[in-house]
Amino acid sequence: VNVKVGVKYAFCMCKQTKTPPHCDGAHRGTEITPHKITYEKDKTVYVCGCLTSKSRPFCDGSHKLIKP
């Protein structure tokens with residue numbers, strides 16, 4: 001995901017969003033909250049799409065261990 005300086009991002013942690021990796025509010029009614037972050041510079045961040053990363057919402061390479 002290309003992120004921009006000063007923009008607040010909310011990455012999904014509930015695995016229910018219809019707009020991955022971004023939060024769409026699907027967590028409402030649960031105790032799960034999105035990971036909110038504002039970046040200090042423009043950059044690319046690698047966000048987990050396989051939902052197995054131990055450092056969610058960020059990718060840690062866990063998807064490489066998933067067998068097809």
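Is S53 buried or exposed?

1. In this predicted model, S53 is buried, because its relative accessible area is 9%, under the 20% limit that defines a buried residue. The residue is placed in the segment that follows strand 4 (43–44).

2. The side chain of S53 takes part in polar pairings. One of its polar atoms lies 3.0 Å from the backbone nitrogen of S55. Between the side chains of S53 and D60 there is a polar contact of 3.4 Å.

3. The surroundings of S53 can be described further. When neighbours within four places in sequence are set aside, S53 is in contact with C48, F58, C59, D60 and S62. Of these, D60 is also the partner in the side-chain polar contact of 3.4 Å.

4. C48 appears again in the description of the largest pocket. This pocket holds about 150 Å³ of space. It is lined by 13 residues, of which T17, P20, P21, C48 and L51 are the closest to its centre. By class, the lining comprises 8 nonpolar, 3 polar and 2 charged residues.

5. The largest nonpolar core consists of 6 residues, namely V3, Y9, F11, Y39, V45 and V47. Leaving aside neighbours within four places in sequence, V47 is in contact with V1, F11, P21, P57, F58 and C59. Among these partners, F11 is itself a member of the core, and P21 is one of the residues closest to the centre of the largest pocket.

6. F58 and C59 link two parts of this account: both are in contact with S53, and both are in contact with V47.

Note on methods: Residues are numbered from 1 along each chain as its sequence is written. This is a predicted model: local features need pLDDT of at least 70, side-chain atom pairs count only at pLDDT 80 or more; totals for chains, interfaces and linings use all residues. Side-chain values use heavy atoms; hydrogens and water are left out. Helices (H or I, at least four residues) and strands (E, at least two) are DSSP runs, numbered from the N terminus. Buried means under 20% relative accessible area, exposed over 50%, partly exposed in between (1.4 Å probe, protein chains only). A polar contact is a pair of N or O atoms within 3.5 Å; within protein, one must be able to donate a hydrogen and the other to accept it, and residues adjacent in sequence count only if both atoms are side-chain atoms. Contact means heavy atoms within 4.5 Å. On a 1 Å grid over the protein atoms alone, a cavity is a set of points where a 1.4 Å probe fits but cannot get out, and a pocket is an open set with protein on both sides within 12 Å along at least five of seven lines; lining residues have an atom within 4 Å of a point. Grid points are joined across faces, edges and corners, and a volume is the space filled by probe spheres set on the points. Ala, Val, Leu, Ile, Met, Phe, Trp, Tyr, Cys and Pro count as nonpolar, Asp, Glu, Lys and Arg as charged, and the others, Gly among them, as polar. A nonpolar core is a set of buried Ala, Val, Leu, Ile, Met, Phe, Trp, Tyr and Cys residues joined through side-chain atoms within 4.5 Å.
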